[in-house]
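Subject: Structure handover

Hello,

Please find the structure below. My notes on it come after.

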Amino acid sequence: MKNFEQPKPPRWADRFLEWYCNPKLLEQIQGDVHELFFWRLEEKGVQRAKRAFAWDIIRLFRWKNIKRKSSQTTQFNNIAMFKNYFKIGWRNILRQKMPSFINITGLSCAIGCCLVAFMFIEPRVIRDQFHENGKNIYLVAHEAFSEGGLGKYGVFDSGLAKELPDNFPQIKRRTRMKGAQNVFRIKDNIFRSYVNYVDPDFLTSFSFPMVYGSKDVLKDPSKIVIDQSAAVRFFGDEYPIDKLIKVIYGEEEMTFVVGGVIENAPNNSSIRPSFLLSYEVLESRGEPEQTNAVTFIELEKGTDVAELERSFQSMVSVQNGLKPDAQYESIFLVPLESMAKRNLNGVPGGAPPTGPIVLLISIAGFMLLLAISNYVNIAILMATRRVKEIGIRKTIGSKRSQIIAQFLTENLILCALSIFLGIVLARGLFMPWFNEMSGGTISLNLLSNRNLWYFLGLLLLVVTFLSGFYPAVYISKFKPSVIFRGKERFGKKWGFSGAVITFQLVLSIITIVAGIMFVRTNNMQKDIKWGFEKEDRILVNIPDSKIYPSLLNKMMALSGVEEAVATNAALGEAYGNTEFYLGDTKNRASFLTCSTKYPQFMGLKLHGGRFFDPELISDSQSSVMINEKFAEHYDVRIDDLIQIDSVFHKVVGVLKDFNYQGLSDKIEPIIIKAKPDSELNYLTLKVSAGTELEMEDKIKEAWVDVVQNKPYIGFLQSTVFDNDSGDSRGLKNTMLFTATLATILAAMGIFGLASLSITSKMKDIGIKKALGANLIQLTKSVYLKFGIMLSIAVVIGSTLAVFIIGVFLDEIYAYHDPVNLIPLTFAALILATVVFLTVTTQIGKVKKMNPAETLRME
């Protein structure tokens with residue numbers, strides 16, 4: 001006969017109770033739940049009793065019932081203990097005001113620099129991730145062979161793009177986008193601006209919020225959408241909807257009605273839609289259907305992108321049949337959120353330049369390393385004044401881990417204060433200064449930038465750990481017996497602290513040398529000879545060759561205009577480059593077309609041969625001039641022939657080298673070809689000396705009298721290189737700021753270590769002073785140690801500075817002085833002075849010290 005056993009509680013629940021329950025409570029709790037189980041077994045049955053038992057076990061999983069390893073761990077995890085840590089930490093910050101002030105100041109300055117770097121870099125690296133549908137939007141791109149090999153292009157055939165939604169059901173929306181420079185007339189303003197022609201779904205797919213109007217507004221091709229900045233600029237406080245904007249296409253003028261206003265695109269947007277018109281406008285004006293356009297598609301959720309890409313390959317043969325001269329190799333999709341990181345031709349936005357990013361990361365990293373290094377030394381100094389507190393705490397049972405936790409908690413408070421002050425410094429001082437220097441618009445928006453909060457949180461944890469861990473471990477290792485007998489010794493060996501200070505001094509040497517070199521380079525650029533006359537010359541655009549004669553006459557009739565000569569571009573503006581042949585060899589060089597009088601008019605100097613002769617027709621058809629660099633590089637002489645566009649041109653003159661690209665680029669070979677004045681783009685006017693600013697307004701008024709429905713473009717030749725000069729001044733100011741801050745932080749670190757060293761030697765100094773030693777004898781060892789560290793730092797820092805700053809200057813400037821003994825000596829003297837003065841401030845303790853007070857405990 002089969003034996004029936006009485007049912008038991010679920011074994012897994014019983015084991016779970018035994019695992020988590022405090023052993024002191026386990027017997028009582030387990031007995032109660034077992035008793036309840038057997039009662040329910042009789043009253044409600046097996047299944048309900050087991051379920052109730054499991055639920056009882058889960059409900060009893062409470063803090064008061066959970067077992068802890070020991071009473072010390074319980075105390076460590078108690079909230080009250082951490083509250084006590086914060087209270088003690090705050091009191092110590094208030095008690096040690098000067099070291100706390102130094103640490104907070106150093107860290108907050110470094111954190112302010114880090115915030116400026118982050119706010120500059122973040123929108124350039126993390127782009128296009130604000131669109132609500134961004135994860136489903138893709139750019140349609142293609143691969144094709146060109147002269148340089150297989151290239152990747154971020155454009156797609158417009159005709160094929162138009163049919164995509166009909167041929168592929170996975171595509172929810174499609175929008176084409178084509179940008180162009182157009183002439184606009186708004187009220188009395190005539191200007192040239194960039195406009196994007198897009199399909200109506202553009203505003204639905206992309207998240208550019210509407211301020212006024214509907215997202216479907218572009219279904220009406222007579223409407224135009226503008227952003228808020230354009231609305232404020234042209235209409236002020238007026239309601240912009242239904243205002244008229246005219247777009248001038250050659251001789252034709254089309255009127256559009258403002259149908260919508262969108263918010264300004266954020267800084268991290270690759271697409272900058274200041275003006276939006278319907279793509280239908282382009283098509284109605286005869287835009288070829290097979291032209292290329294930037295094409296975005298929004299996919300249905302859950303679409304297999306790889307499978308869709310494979311399906312797109314069927315369009316390659318169709319495209320190649322329609323356009324035999326533009327053969328596709330493949331078609332592929334690029335996620336919108338990674339579009340800016342891809343090296344695609346024709347894509348909006350594009351990858352950001354790496355130079356400014358690397359520079360700002362380097363500066364912020366230098367400052368943070370210096371501040372943390374400085375903090376570590378001063379934190380040790382602060383902690384050594386609390387050794388008796390540590391001895392008492394250890395005596396009454398505190399573990400080393402608890403002391404470390406307390407010091408890290410105090411450090412967390414100080415670092416949090418530093419981050420708060422760093423935010424204040426960044427927002428109120430560093431960012432406005434940076435924006436003024438760089439022409440940027442970065443700002444600190446704590447409410448809407450989630451990445452900024454992640455960065456601040458990470459920065460708080462990293463800085464707290466790096467700056468506080470070593471001091472906490474160092475000070476917590478002392479034993480109570482050593483502390484209470486007064487046998488503790490601080491600063492006897494400078495292994496770690498000395499290495500940290502030496503590292504700070506090395507960084508300071510590098511930054512000071514950088515500051516000196518950028519000042520020297522900036523001053524050199526002020527005195528550089530450009531090789532042409534740039535003063536008293538004003539350029540105005542020639543919008544149409546038909547009005548050139550009347551424009552020339554109008555300008556020459558102005559009092560104060562002495563001469564007028566035409567050119568295709570100002571010296572220093574963007575140049576084209578052209579292919580040319582020397583024999584059978586194909587080459588490329590910069591290319592400038594101008595009037596026959598232009599080289600002499602601009603004061604260019606002749607190296608050999610002659611200038612263009614206005615009386616010789618051949619000089620406007622088949623003659624060229626070159627610079628020295630061209631003649632040297634290609635071994636070309638006077639009367640040699642250069643083939644350009646299948647026409648042979650004779651070299652009639654060689655010009656002395658002149659800076660036509662600014663100071664950031666070395667002088668390169670250039671060809672200058674003469675053309676009739678009416679075929680050129682600008683009229684360069686020479687005005688009476690010192691009257692540039694006065695004449696500028698008069699010239700504009702005269703230009704507007706002659707030219708209708710065209711935007712005026714006028715500027716001073718002397719301002720062409722202002723951007724380069726501004727960038728150079730900005731870099732100089734940045735490096736001077738960096739050098740100054742680095743030196744101050746290093747001085748703070750030296751202050752801490754000098755104070756620590758003197759504190760550790762107080763008893764020895766007291767004995768020597770009692771025996772009659774003078775101040776020099778007492779402090780010689782301190783000066784000697786810092787002198788050794790300074791000497792090591794000067795040798796290492798100077799060696800690194802020659803290499804690092806030299807490479808940096810080579811990357812930025814075409815011409816600069818070498819990093820030689822002059823800046824290295826100046827940097828060493830500046831740093832030596834700072835070290836001497838900082839250490840001397842601490843020597844006052846020795847001078848004022850009373851040996852009787854110091855030796856009382858001995």
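The notes cover a cavity first and aromatic rings second.

This is a predicted model, in which local features need pLDDT of at least 70, side-chain atom pairs count only at pLDDT 80 or more, and totals for chains, interfaces and linings use all residues. Residues are numbered from 1 along each chain as its sequence is written, and side-chain values use heavy atoms, with hydrogens and water left out.

A search of the whole structure gives two cavities of 30 Å³ or more (a cavity is a set of points on a 1 Å grid over the protein atoms alone where a 1.4 Å probe fits but cannot get out; lining residues have an atom within 4 Å of a point). The second largest has a volume of about 130 Å³, a volume being the space filled by probe spheres set on the points. Its lining includes Cys 113, Leu 360, Trp 433 and Phe 737.

There are 30 aromatic pairs (rings of Phe, Tyr and Trp, the last by its six-membered ring, with centres within 6.5 Å; planes under 30 degrees apart count as stacked, over 60 as edge-to-face and the rest as tilted). Phe 184 and Phe 191 are stacked, because their ring centres are 5.5 Å apart and their planes at 10°. Phe 202 and Phe 208 are also a stacked pair, with 5.9 Å centre to centre and 10° between the planes. Ring pairs join Phe 202 and Phe 208 with Phe 130, Phe 206 and Phe 296 in a cluster.

Regards

Conventions
On a 1 Å grid over the protein atoms alone, a cavity is a set of points where a 1.4 Å probe fits but cannot get out, and a pocket is an open set with protein on both sides within 12 Å along at least five of seven lines; lining residues have an atom within 4 Å of a point.
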